[in-house]
Amino acid sequence: MGDISTKDVFDWSSNGPKIVRAASVIARLMDDIVSHEFEQARGHVASAVECYMKQNGVSEEATRDEFNKQIVSAWKDINEACLKPTEVPMPILTRVVNLARVIDYLYKDGDEYTHTGELMKSSITSVFIDHVQI
């Protein structure tokens, strides 16, 4: 990233700014929502879904609803961080936004990361094989 990835930028990211926390929330919750059943069947450790259900005595559906609300709130935090002046350059913020966007794309309608389906195959094909000629 050249001159814009300075020590100050790394210090900023290490201090857990709101936009980085929001992207982390999106990544963690979207992954756990779509992979919960698969991971439980494989005997993985408790996911965020499992923990929330036990701590709050609610159903899996209520947990998913709550997590979706938290994801929407995290997107608002990301938007706010990008619209207000900040101490780091916009290209740095763009990297964080793009991480959240990729996670949203991979986990929106299922676990396209673990169980690669037609969505990912067609996306990769369109970018690397059937790309637009300029």
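This is a short tour of a predicted model, one selection at a time.

**Stop 1: the whole chain**

Start with everything shown as a cartoon. You'll see 6 helices and 0 strands, so to speak a run of α-α-α-α-α-α if you read along the sequence. The C-alpha trace spans about 50 × 40 × 25 Å along its principal axes. Of the chain's 134 residues, 30% count as buried.

Now think about how the chain meets itself. Take the contacts with a separation of 6 or more: 59% of them come from residues 24 or more positions apart.

**Stop 2: colour by confidence**

Next, colour by pLDDT. The chain averages 86, and 97% of the residues score at least 70. Which element has the lowest mean pLDDT, and which the highest? Helix α6, residues 118-128, is at the bottom with 81, while α4 tops the list with 95.

**Stop 3: helix α4**

Select residues 60-83, which make up helix α4. This helix has 24 residues, and the distance from its first C-alpha to its last is 35 Å. That's close to the 34 Å expected at 1.5 Å a residue.

Show side chains for T63, F67, I71, A74, I78 and A81, the buried residues of α4. Look at the numbering and you'll spot a rhythm. An α-helix has 3.6 residues a turn, so residues three or four places apart point the same way. What do the buried residues of α4 pack against? Show α2, α3 and α5, and you have their partners.

**Stop 4: the nonpolar core**

Stay inside the model. The largest nonpolar core has 25 residues. Select W12, I19, I26, M30, I71, I78 and V88, which have the most contacts inside this core. Helices α1 (7-14), α2 (18-41), α4 and α5 (90-107) each supply at least two of the core's residues. Which helix gives the largest share? Pick α5: 8 residues of the core come from there. As background, nonpolar side chains tend to be buried together in soluble globular proteins.

Zoom in on I78. Leaving out residues up to four places away in sequence, I78 touches I19, A22, A23, I26, V97 and A100.

**Stop 5: an aromatic pair**

Select Y52 and F67. The chain has 1 aromatic pair, and here you're looking at the two rings that form it: they sit edge-to-face, 5.4 Å centre to centre, with 65° between the planes. Y52 belongs to helix α3 (residues 48-56) and F67 to helix α4, so the pair ties together parts that are 15 residues apart in sequence.

Switch on a surface for a moment. Are these two residues buried or exposed? F67 is buried, with a relative accessible area of 3%. Y52 counts as partly exposed, at 22%, because the cut-off for buried is under 20%.

**Stop 6: a buried serine in a loop**

Go to S47, in the loop between α2 and α3. Being in a loop doesn't put this residue on the outside: S47 is buried, with a relative accessible area of 5%. Who are its neighbours? Not counting residues up to four places away in sequence, S47 touches D32, H36, E39 and Q40.

**Stop 7: salt bridges**

How many salt bridges does a search of the whole structure find? There are 8, and you can visit a few of them.

- Select K7 and D11. Their closest N and O atoms are 2.9 Å apart. Both residues lie in helix α1, 4 residues apart, which is about one turn of the helix. K7 is exposed, with a relative accessible area of 60%, while D11 is partly exposed at 32%.
- Select K18 and D77. In this salt bridge the closest N and O atoms are 3.8 Å apart. The pair links distant parts of the chain, with K18 in helix α2 and D77 in helix α4, 59 residues apart. K18 counts as partly exposed, at 39% relative accessibility.
- Select E80 and K84. The closest N and O atoms of this salt bridge are 2.9 Å apart. E80 is partly exposed, with a relative accessible area of 29%, and K84 is partly exposed at 48%.

To finish, select K18, D77, E80 and K84 together: these residues are linked in a network of salt bridges.

Notes
Residues are numbered from 1 along each chain as its sequence is written. This is a predicted model: local features need pLDDT of at least 70, side-chain atom pairs count only at pLDDT 80 or more; totals for chains, interfaces and linings use all residues. Side-chain values use heavy atoms; hydrogens and water are left out. Rings of Phe, Tyr and Trp (its six-membered ring) pair if their centres lie within 6.5 Å; planes under 30 degrees apart count as stacked, over 60 as edge-to-face and the rest as tilted. Buried means under 20% relative accessible area, exposed over 50%, partly exposed in between (1.4 Å probe, protein chains only). A nonpolar core is a set of buried Ala, Val, Leu, Ile, Met, Phe, Trp, Tyr and Cys residues joined through side-chain atoms within 4.5 Å. Contact means heavy atoms within 4.5 Å. The expected span of a helix is 1.5 Å times one less than its number of residues. pLDDT is the predictor's confidence in each residue, from 0 to 100. A salt bridge is a side-chain nitrogen of Lys or Arg within 4 Å of a carboxyl oxygen of Asp or Glu.
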